Amino acid sequence: MNDLSHDQRVAGLKGLGSSRKRVEDARFTQGKGNYVDDIKMPDMLFGDFVRSQYAHARIRSVDTSKAVALPGVIAVLQAADLAPLGLHWMPTLAGDKQMVLADGKVLFQGQEIAFVIAEDRYICADAIELIEVEYEELPVVVDPFKALQPGAPVLREDLAGQTKGAHGERIHHNHIFRWEVGDKEGTEAVVAGADVVAEEMVYYHRTHPCPLETCGCVASMDKINGKLTLWGTFQAPHVVRTVASLLSGIPESSIRVVSPDIGGGFGNKVGVYPGYVCAIVASIVTGRPVKWIEDRMDNLMATAFARDYWMQGKIAATAEGKITGLWCHVTADHGAFDACADPTKFPAGFFSICTGSYDIPVAYVGVDGVYTNKAPGGVAYRCSFRVTEAAYFIERMIEVLAIKLGMDSAELRRINFIRKEQFPYQSALGWEYDSGDYHTAWDKALNAVGYDALRAEQAQRVADFKAGKTRSLMGIGLSFFTEIVGAGPVKNCDILGMGMFDSCEIRIHPTGSALARLGTISQGQGHATTFAQILATETGIPADQITIEEGDTDTAPYGLGTYGSRSTPVAGAATAMAGRKIRAKAQMIAAYLLEVHDNDLEWDVDRFVVKGVPERFKTMKEIAYAAYNQAIPGLEPGLEAVSYYDPPNMTYPFGAYICVMDIDADTGVADIRSFYALDDCGTRINPMIIEGQVHGGATEAFAIAMGQEIAYDEMGNCMTGTLMDFFLPTAWETPHYTTDFTETPSPHHPIGAKGVGESPNVGGVPAFSNAVHDAFRPFGLTQSHMPHDHWRIWRIANQLGLHG
Amino acid sequence: MSKMHLKLKVNGKSVETLCEPRELLIHVLRERLNLTGPHIGCETSHCGACTVDMNGMSVKSCTVFAAQVQGAEITTIEGLAGPDGMGVLQTSFREHHGLQCGYCTPGMITRAHRLLQENPNPTEEEVRFGMAGNLCRCTGYQNIVKAILHAASELNASKEAAQ
């Protein structure tokens with residue numbers, strides 16, 4: 001290795017910037033992954049739920065006698081069985097409480113009523129069929145605006161008379177919170193006196209993260225040593241351990257939570273669900289391991305949904321198009337329980353990033369959270385706490401303003417972007433954007449797609465359409481987004497009081513390979529590959545000789561888990577910092593070995609070299625061996641480090657996405673001709689993985705914008721409980737993506753990385769939706785709600801009189 | 001429910017097990033034969049995570065009853081591995097970043113294997129159509145398609161070399 005050139009040594013590390021192939025893939029491609037449903041233990045039982053058929057009903061009786069008599073059924077748990085343990089209700093991550101099993105009434109279709117424990121899943125399913133529930137139907141409210149009317153049915157009887165909730169005053173019995181940010185009076189004054197004001201209601205419909213693997217767990221209480229082990233689909237295993245301890249009274253030292261391989265999360269696996277609680281209780285009661293695995297219908301109907309924001313906006317501007325103010329009020333439908341996964345101080349997440357990428361002098365946001373007879377949730381579906389809603393809102397409002405001004409919306413964006421020299425930029429709603437160069441990214445994107453030529457083609461198409469020469473319209477969807485990811489800092493961000501730092505522990509072995517453990521957990525992002533790359537660059541140990549472990553609370557340092565694109569900004573920073581601690585000690589060891597002062601050494605890829613004497617050096621491999629085997633005066637043996645990283649600020653990735661589509665006015669079929677995605681996620685750790693994240697996130701955005709939704713009828717029946725009704729695109733309709741980048745490092749992150757996983761969902765949804773709107777703009781359309789499935793697009797054309 | 005004596009050929013080996021006729025093939029494979037490569041994603045034939053090869057055809061094993069597979073020849077992802085574990089498709093998926101969380105991957109590769117038997121030289125469009133029964137939530141398919149097209153050319157090249 002010592003004969004290799006500098007560049008060869010750098011390449012050999014497979015460190016930062018390398019498109020290193022993934023170490024996870026050998027096991028996954030051979031069918032040797034280890035997901036929760038693969039876990040099999042001796043004597044393991046299976047548990048599953050009796051679920052409510054009604055969206056709002058009182059439970060008159062539950063007759064379990066026939067089920068209990070079925071051979072192989074061990075027990076049936078109901079709320080009354082959990083009440084003595086105080087476990088019939090549980091806290092949500094949003095400071096509300098949620099029924100574990102129906103306590104007198106049910107509040108949404110699919111709600112958990114009873115938990116059947118049986119020898120296997122077939123007996124369990126048979127027993128569920130034998131349980132008779134007698135309901136008394138109650139009036140159903142699925143519309144959040146109707147829920148707030150004076151005579152609306154009372155949904156949460158447990159909160160009767162409570163005028164204060166976890167986030168302040170409640171103004172109605174179905175009201176959860178009001179959250180306000182910014183200068184209300186100042187904004188309203190600007191709007192009242194503006195040259196131009198565009199006003200619109202923008203609805204971001206209810207949808208669901210729908211990872212391909214549903215949620216589930218295996219709970220095993222060892223009665224001999226009093227230790228509870230819980231394997232499950234947890235995006236935040238340490239948080240689950242703490243919550244399990246608080247709920248059960250079992251000390252955290254006697255609880256081990258393990259996230260094995262996770263088959264996608266996208267926010268769905270952040271929360272704590274009744275299935276976890278019931279499996280734990282069932283294992284404690286029976287003394288046997290108990291598995292609970294959702295089926296797809298359970299997953300879509302009962303575990304956390306996303307979005308469902310009604311966003312009323314007013315955007316004010318000068319006649320020339322300079323934005324002077326932004327006002328927004330959101331009616332947020334949270335369903336039956338407030339089970340968002342937002343940091344405590346942010347009941348509407350980071351929605352106040354809704355001024356987007358624009359220099360807007362004054363702004364106001366008010367959010368009212370509302371209970372309805374729908375499933376609880378409000379998780380961030382591949383986004384950082386309501387950032388997708390915010391990005392969709394501002395990117396629609398820009399388009400609506402452009403229509404009002406009669407301007408090209410690309411130019412409207414350009415004249416309002418925050419300028420490069422304004423960073424760090426203080427937004428009107430209180431965020432400090434770390435870095436950005438929006439104009440460069442925008443120009444690069446517009447040039448790449450040939451924007452002017454596209455507009456000319458579109459104008460010709462409109463002329464041809466009006467002349468009866470074609471029935472096809474063309475839409476150009478523009479989107480420029482700024483994300484806010486990487487929560488903490490701890491002073492601002494906690495979940496249930498747990499500060500949102502993250503962590504990394506490193507052990508360098510005597511022969512120069514390493515083990516690093518983190519508080520995060522991969523669900524497909526490739527942490528075992530990329531975190532090793534960060535460490536390789538920091539420590540000079542080749543990534544191929546660094547093992548990354550996550551997800552076992554008995555071994556991993558405490559961390560807040562993986563969601564909100566926080567792994568790279570927070571745990572990635574912890575990894576770099578821990579690596580630097582290793583290097584600091586290594587420098588002292590090298591100085592001793594080389595008999596020079598510490599300051600006489602400089603770091604060179606994988607070694608410390610005596611300054612000015614390149615032939616005198618010690619490699620990290622040599623240093624590691626010496627650390628363990630040579631008594632060095634004043635230094636403890638060993639080479640280990642720990643870092644708990646509390647980020648000073650969040651990071652602000654951004655990007656420019658442009659979608660071009662052709663729409664058949666008679667069928668409503670939209671054909672995505674091209675999708676260009678430019679992402680700036682700061683320093684790029686693994687370009688191959690970044691590109692993969694963009695493809696995947698953009699496909700989720702495509703699904704959401706073009707057809708995916710959780711829909712209810714007026715009775716509160718969930719209409720989209722299977723993959724027949726809930727749109728997941730196949731390879732056939734998924735578009736082809738072109739990816740691109742600029743690189744503006746974060747000034748406060750140790751390696752300048754910002755996080756990328758969620759950007760394509762955040763930026764992609766407005767790009768697709770704006771393309772649909774843009775196609776119909778010449779015919780008078782200003783706003784039409786998503787999802788833009790064929791029927792809804794056909795209806796736009798029909799309502800605009802395009803069907804003759 | 002009384003059990004049936006099920007005899008199958010799985011991944012080239014004769015196996016026998018007792019199971020209820022109503023049991024789904026995916027459960028027979030995963031729970032009784034400990035082949036946990038194929039996964040369960042929807043139980044309604046939509047997602048394809050449970051795809052296995054049955055008598056030379058791709059099937060979704062979540063909607064096949066045990067009673068329908070008496071005497072069948074089944075190949076799962078575990079049966080597609082080369083001597084070192086990685087076959088041409090497996091390697092191509094890795095090289096082209098055709099997987100992320102890995103949950104759809106066994107079904108995806110098992111289907112791709114059969115697709116390349118049915119059509120050894122597919123176009124991109126034919127791959128996209130032929131793989132439309134297998135859903136992936138992570139990759140957006142672009143790299144999966146790339147991986148399959150690359151695997152096809154590799155397999156064809158080695159076939160030509162053998163002739």
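Where in chain A is the place of A:Pro787? A:Pro787 sits in the loop between α19 (759-776) and α20 (790-799) of chain A, where helices (H or I, at least four residues) and strands (E, at least two) are DSSP runs numbered from the N terminus.

Before going further, a word on the ground rules. This is a predicted model, in which local features need pLDDT of at least 70 and side-chain atom pairs count only at pLDDT 80 or more, while totals for chains, interfaces and linings use all residues. Residues are numbered from 1 along each chain as its sequence is written, chains are lettered from A and ligands numbered from 1 in the order in which they are written, and side-chain values use heavy atoms, with hydrogens and water left out.

**Backbone details**

Most residues other than glycine have a negative phi, and most peptide bonds are trans. Here are two cis peptide bonds to look up in chain A.

| Cis peptide bond | Omega | Citation |
|---|---|---|
| A:Phe423 and A:Pro424 | about -5° | cis bond |
| A:Met786 and A:Pro787 | about -10° | cis bond |

A:Pro424 belongs to the loop between α12 (409-416) and β21 (425-426) of chain A. Another residue to look at is A:Lys14, a residue other than glycine with a positive phi near 55°; its home is the loop between α1 (6-13) and α2 of chain A.

**The sheet of seven strands in chain A**

Chain A holds an open sheet of seven strands in the order β3-β7-β1-β16-β13-β14-β15, with mixed pairing; two strands pair if DSSP finds at least two bridges between them. At the edges stand β3 (73-77) and β15 (255-258) of chain A, each with a single partner strand, so one side of each has no neighbour in the sheet. From one strand to the next, the twist averages 20°. Angles run from 0 to 180 degrees between N-to-C directions, with axes fitted as lines to C-alpha atoms, for helices over the stretch in contact.

Strand β3(A) runs antiparallel to β7 (residues 112-118) of chain A, and four bridges join the two. Within this pair, A:Val73 is found opposite A:Ala118 in β7(A). Helix α5 (residues 121-130) of chain A crosses β1 (45-51), β3, β7 and β16 (290-293) of chain A, at about 25° to β1(A). Helix α9 (residues 274-286) of chain A also packs on the sheet, touching β1, β3, β7, β13 (216-222), β14 (227-232) and β16 of chain A, and its direction makes about 25° with that of β13(A). Contact here means heavy atoms within 4.5 Å.

**Salt bridges**

Over all chains the count comes to 61 salt bridges, each a side-chain nitrogen of Lys or Arg within 4 Å of a carboxyl oxygen of Asp or Glu. One of them joins A:Lys291 to A:Asp37, with the closest N and O atoms 2.9 Å apart. A:Lys291 lies in strand β16 of chain A and A:Asp37 in the loop between α2 (25-29) and β1 of chain A, so the pair ties together parts that are 254 residues apart in sequence.

**The sheet of five strands in chain B**

In chain B, five strands form an open sheet ordered β2-β1-β5-β3-β4, with mixed pairing. Its edges are β2 (13-19) and β4 (57-60) of chain B, each with a single partner strand, so one side of each is left without a neighbour in the sheet. Direction ignored, neighbouring strands of this sheet are turned by 40° against each other on average.

Two bridges pair β3 (residues 51-54) and β5 (residues 73-75) of chain B in the antiparallel sense, and B:Asp53 stands opposite B:Thr75 in β5(B). Helix α1(B) lies across β1 (4-10), β2, β3 and β5 of chain B, at about 100° to β2(B). Helix α3(B) packs on the sheet too, touching β3, β4 and β5 of chain B, with its direction at about 35° to that of β3(B).

**Where the chains meet**

The contact takes 54 residues from chain A and 49 residues from chain B. Across the interface of chain B and chain A there are five salt bridges. B:Arg30 forms a salt bridge with A:Asp38, the closest N and O atoms being 2.8 Å apart. On the side of chain B that touches chain A, the elements giving two or more residues are α1 (25-32), α2 (88-95), α3 (105-118), α4 (124-130) and α5 (142-162) of chain B.
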